[in-house]
Amino acid sequence: MEEEDFDNGIPGFEFDENDWPTTNERPPPFVDRYFSRFYKTDMNGKIGEDHCVLCHSNKICIVTLAKSHPVITEKKVISSINFQVADGINRLDNKVSGKGKRGAQWVKPNSALCRIICEDGSQYTVCACVRGMLVEINETILTSPNFIAEKVCL
């Protein structure tokens with residue numbers, strides 16, 4: 001098709017090759033486009049145990065480990081993740097339903113979400129960092145605990 005044969009059906013439209021983007025740059029990743037990053041350093045007074053909270057404009061937050069967390073920096077192998085954070089509180093019992101997210105567990109900034117147990121015997125507590133309702137837990141980390149260390153908040 002030659003340039004003069006180009007017709008998109010819009011009256012007064014003329015094709016100009018300078019209108020097409022000439023850059024080969026990729027758009028920013030999804031997380032960078034739609035989430036703001038906030039960091040909570042030295043969680044509960046433990047040096048280096050840093051968390052990252054990704055906040056969307058719709059007020060949904062995702063809690064992750066920061067790049068500076070010991071599990072990431074020391075490349076620790078995670079043997080298990082325990083969601084039984086206290087007597088009578090198991091984060092896996094969180095059953096949410098409906099528009100109002102009925103049944104969600106309320107959490108405070110220092111509320112434990114889970115405990116990471118590494119093969120070297122070290123344990124780390126992941127805290128909520130924000131006040132709100134726990135809506136969902138990434139179920140991938142139940143079968144592949146090291147997934148939590150692979151997808152990090154950079």
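1. Let's start with a pair of charged side chains. Lys76 and Glu74 meet in a salt bridge, with 3.3 Å from N to O. Lys76 has a second partner as well: Asp120 forms a salt bridge with Lys76, and here the closest N and O atoms are 3.2 Å apart. Asp120 sits in the loop between β8 and β9 (123-127), whereas Lys76 sits in the loop between α2 and β4 (78-82), so this pair ties together parts that are 44 residues apart in sequence. Through shared partners, Glu74, Lys76 and Asp120 join into one network. Please keep in mind, here and below, that this is a predicted model.

2. Are the two ends of that second bridge buried or exposed? Lys76 counts as buried, at 12% relative accessibility, while Asp120 is exposed, with a relative accessible area of 53%.

3. How many salt bridges are there? The count comes to three. One of them links Asp32 with Arg37, whose closest N and O atoms are 2.8 Å apart. Asp32 is partly exposed at 40% relative accessible area, and Arg37 counts as partly exposed too, at 31%.

4. Now a look at the whole chain. The secondary structure comes to four helices and 10 strands. Reading from the N terminus, the elements run α-β-β-β-α-β-β-β-β-β-β-β-α-α. Of the 154 residues, 32% are buried. The accessible surface is about 11100 Å², and 51% of this area belongs to carbon and sulfur atoms. Among contacts between residues at least 6 apart in sequence, 48% join residues at least 24 apart.

5. How confident is the predictor? The chain averages a pLDDT of 83, and 82% of the residues score at least 70. Among the elements, strand β8 (residues 112-118) has the highest mean pLDDT, 93, and helix α4 (residues 147-150) has the lowest, 81.

6. Next, the backbone. Most residues other than glycine have a negative phi. Asn44 has a positive phi, near 55°, and is not a glycine. Its place is the loop between β1 (35-40) and β2 (51-56), and Asn44 is partly exposed, with a relative accessible area of 48%. Lys59 is also a non-glycine residue with a positive phi, of about 75°. Lys59 lies in the loop between β2 and β3 (61-65) and is exposed, at 76% relative accessible area.

7. What about disulfides? A search of the whole structure finds zero. The cysteine sulfur closest to that of Cys61 is in Cys55, and the distance of 3.4 Å is too far for a bond, because a disulfide needs the two sulfur atoms within 2.5 Å. Cys61 counts as partly exposed, at 34% relative accessibility, whereas Cys118 counts as buried, at 3%.

8. Which residues make the nonpolar surface patch of about 320 Å²? They are Trp106, Met133 and Val135. Met133 belongs to strand β10 (residues 132-134) and counts as partly exposed, at 35% relative accessibility.

9. Finally, have a look at His69, found in the loop between β3 and α2 (70-73). Although it is a loop residue, His69 counts as buried, at 0% relative accessibility. Which residues does His69 touch, leaving aside those up to four places away in sequence? The contacts are Gly48, Glu49, Asp50 and Tyr124.

Key. Residues numbered from 1 in each chain as written. Predicted model: local features only at pLDDT ≥ 70, side-chain atom pairs only at ≥ 80, totals over all residues. Heavy atoms only, no water. Helix = DSSP H or I, 4+ residues; strand = E, 2+ residues; numbered from the N terminus. Buried < 20%, exposed > 50% of the residue type's maximum accessible area, 1.4 Å probe, protein only. pLDDT = per-residue confidence, 0-100. Patch = residues over 30% accessible without salt bridge, like charges linked within 9 Å, V, L, I, M, F, W, Y side chains within 5 Å. Areas by Shrake-Rupley, 256 points an atom, 1.4 Å probe, with all protein chains shown as cover. Salt bridge = Lys/Arg side-chain N within 4 Å of Asp/Glu carboxyl O. Contact = heavy atoms within 4.5 Å.
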